[in-house]
Amino acid sequence: MQSLIYMNNAATSWPKPGCVADAVSEALCAPPGSANRGGIEDFDVFEETRKSLTQLMKGQHYNRIALGANSTWGLNLAIQGFPLKTGDTVVTTAAEHNSVLRPLYKLRRERHIKIIWVPVDDGGRVCPESWEKACYTYKPALCVLTHASNVTGAVNNICLLTHIAKQVNATVLIDASQTLGMVPVQIDDWNIDMLAFTGHKYLLGPQGTGGLYVKPGLHLEPLLCGGTGIQSDRKEMPPEMPIHLEAGTGNEPAYYGLLAALRWSEENPADIKRIELLTEHLKQGLADTGAAVIAPQGKCTPVVSFVIEGKSAAEIGYILTESYDIVCRSGLHCAPRIFTDLGCDSTVRLSLSRFTTEEEIKAVIQAVSSIMR
Amino acid sequence: MDFECRKTENCLADSQIYEYKLPITVREFKIHLNGWTVEENHRYRRPMMIAMNRGLQIKGILDRYIITVRFPEDTYSEAKMFFEAWLKNEEN
């Protein structure tokens, strides 16, 4: 473990702050919580997590956050729970993850919706002009877009793109899996209708956490129906949020871990400038070796994708992982449509965290340099 | 030879990838690869081998006991069956 260089934080972050494992362990050892039936003095980890998340997202209504297993859960809830009917159009982008693509394909098969794909530039970023053209041409019922590409790190201008979509009265769903905890998110100022997030990437929480924010006034049909711990005599899910969208027993230990991570991050804000500098250093260092680095202009998350001429991404990823103990990812990264616009068929992806060191960056550059020779 | 087999994560288009744990090292295994195009690389921190034959690709770190085999997507079922039959017949 000592020599491991972990560069796969866009998949799941590691390491976590020490308090996260402690919190999960303590929760497992303690008597379980009261599952919505607790009294005024009972600690409700889900409620406290919602409050913390709402603060992070610069929102106001913490009871509008439904908590579940991950952002895939949240995105499916949003896309399949939104009242799309036959003939409705959804505008989305080529940069989307399969957790957006596959639910949309499902709705295309089952409800015969129309999907319009807005291309991205060769850095993976949505062009506002193309987005505007699609919105005004197709007048979509729903617009779905990622805050940042999980392949290139390019951060989209959500404030502007949401504003455009709202001009044509579209409902807007943002996938913040790659940004919450690393890039500012402002759900109220940006007038976002729905935002899906995950707890185990830049929020530094355990896997098994994530959810969906739903703006007041917007109603979704629940995907999962089941026990809610309250109102058991009803034949349908209770109407009030967030319980309307949360069936079954929540993953309490994991949410204790996420809450610990959120509080730790509040007390120990990340040095974003340092992370940005390290990312730039990595991009430049890889480019200096002769690798073809995808380097979007403008704001990015700490994600770097590259290719090496004459070698497959699979081979490069294998060498880095098996020969050099550098954990990375190679292939399509569950975002298959972006590669047409990037001009390649797959990449090797390195994704940093706030814990990545300068020495690790140097070691990665050296490893890639040895592959080039 | 005996072996254990497991499917590995595959985020690539058009291929099926499996890992095989062998009773011999990859360095010893490559002796069995007559007719394969075998490339070794000793520059890397852990030297490795890549071997290719009829659309199949085998990778392995020379001092380890695990090979990664990439089968072509369209014929992987048959190719895997033949590969494993061949592997079983080979002596350690």
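Is Lys58(A) buried or exposed? I looked this up first: Lys58(A) counts as exposed, because its relative accessibility is 52% and the cut-off for exposed is over 50%. A caution to myself before going on: this is a predicted model.

**Entry 1: odd backbone spots**

While on Lys58(A), I checked its backbone. Its phi is near 60 degrees, a positive value in a residue that isn't glycine. I placed Lys58(A) in the loop between H2 and E2 of chain A.

Asp325(A) turned up with a positive phi too, near 55 degrees, and again the residue is not glycine. Asp325(A) sits in the loop between H9 and E11 of chain A. I then looked up how accessible Asp325(A) is. Its relative accessible area is 14%, and buried means under 20%, so Asp325(A) is buried.

Next I went after cis peptide bonds. The bond from Trp14(A) to Pro15(A) is cis, with omega near 0 degrees. Pro15(A) lies in the loop between E1 and H1 of chain A. The bond from Met241(A) to Pro242(A) is also cis, omega near 0 degrees. For Pro242(A) I noted the loop between E8 and H7 of chain A.

**Entry 2: where chain A meets chain B**

I counted residues in contact: 19 from chain A and 16 from chain B. The area buried between the two chains is about 1,600 Å², and carbon and sulfur atoms give 50% of that. Which three residues supply the most on the chain A side? I found Tyr318(A), Glu322(A) and Ser323(A), which together supply 35% of the area chain A buries against chain B.

Then the charges. I have three salt bridges down for chain A and chain B. I looked at the one between the side chains of Arg46(B) and Asp325(A), at 2.7 Å from N to O. That brings back Asp325(A) from the first entry, the residue with phi near 55 degrees. For polar contacts across the interface, I noted eight residue pairs, both partners at pLDDT 80 or more.

Which elements of chain A supply at least two residues each to the side that touches chain B? My list is helix H9 (313–324), strand E12 (329–331) and helix H11 (358–372). H9(A) gives the largest share, seven residues. By residue class, the touching side of chain A divides into seven nonpolar, six polar and six charged.

**Entry 3: two helices in chain A**

H11(A) came up at the interface, so I checked its length. With 15 residues at 1.5 Å a residue, H11(A) should span 21 Å, and its end C-alpha atoms are indeed 21 Å apart. I wrote down the buried residues of H11(A): Glu360(A), Ile361(A), Val364(A), Ile365(A), Ala367(A), Val368(A), Ser370(A) and Ile371(A). What covers these buried residues? I found that the cover includes strand E1 (5–6), helix H8 (272–289), strand E10 (303–307), H9, strand E11 (326–327) and strand E13 (347–351) of chain A.

I ran the length check on H7(A), residues 252–267, as well. Its 16 residues reach 23 Å from first C-alpha to last, close to the 22 Å expected. Among the buried residues of H7(A) I noted Glu252(A), Tyr255(A), Leu258(A), Leu259(A) and Leu262(A). The buried residues of H7(A) pack against helix H1 (18–29), helix H2 (45–56), strand E2 (65–68) and strand E8 (210–214) of chain A.

**Entry 4: two buried side chains**

I wanted a closer look at Lys283(A), which is in helix H8 of chain A. Lys283(A) counts as buried because its relative accessibility is 5%, with the cut-off at under 20%. Leaving out residues up to four places away in sequence, I found Lys283(A) touching Val293(A), Ile294(A), Ala295(A), Pro296(A), Cys300(A), Val303(A) and Val304(A). I also looked up the distance to Ile361(A): 9.8 Å from C-alpha to C-alpha, with their places 78 residues apart in sequence.

Last stop was Ser351(A), in strand E13 of chain A. Ser351(A) is buried, with a relative accessible area of 0%. Which backbone nitrogen does its side chain reach? I found that of Asn9(A), at 2.9 Å. Beyond residues up to four places away in sequence, Ser351(A) touches Tyr6(A), Met7(A), Asn8(A), Asn9(A), Ala10(A), Pro302(A) and Val303(A). Val303(A) is on my Lys283(A) list too.

Key. Residues are numbered from 1 along each chain as its sequence is written. Chains are lettered from A and ligands numbered from 1 in the order in which they are written. This is a predicted model: local features need pLDDT of at least 70, side-chain atom pairs count only at pLDDT 80 or more; totals for chains, interfaces and linings use all residues. Side-chain values use heavy atoms; hydrogens and water are left out. Contact means heavy atoms within 4.5 Å. Buried area is the accessible area (1.4 Å probe) that two parts lose on being put together, summed over both. A salt bridge is a side-chain nitrogen of Lys or Arg within 4 Å of a carboxyl oxygen of Asp or Glu. A polar contact is a pair of N or O atoms within 3.5 Å; within protein, one must be able to donate a hydrogen and the other to accept it, and residues adjacent in sequence count only if both atoms are side-chain atoms. Helices (H or I, at least four residues) and strands (E, at least two) are DSSP runs, numbered from the N terminus. Ala, Val, Leu, Ile, Met, Phe, Trp, Tyr, Cys and Pro count as nonpolar, Asp, Glu, Lys and Arg as charged, and the others, Gly among them, as polar. The expected span of a helix is 1.5 Å times one less than its number of residues. Buried means under 20% relative accessible area, exposed over 50%, partly exposed in between (1.4 Å probe, protein chains only).
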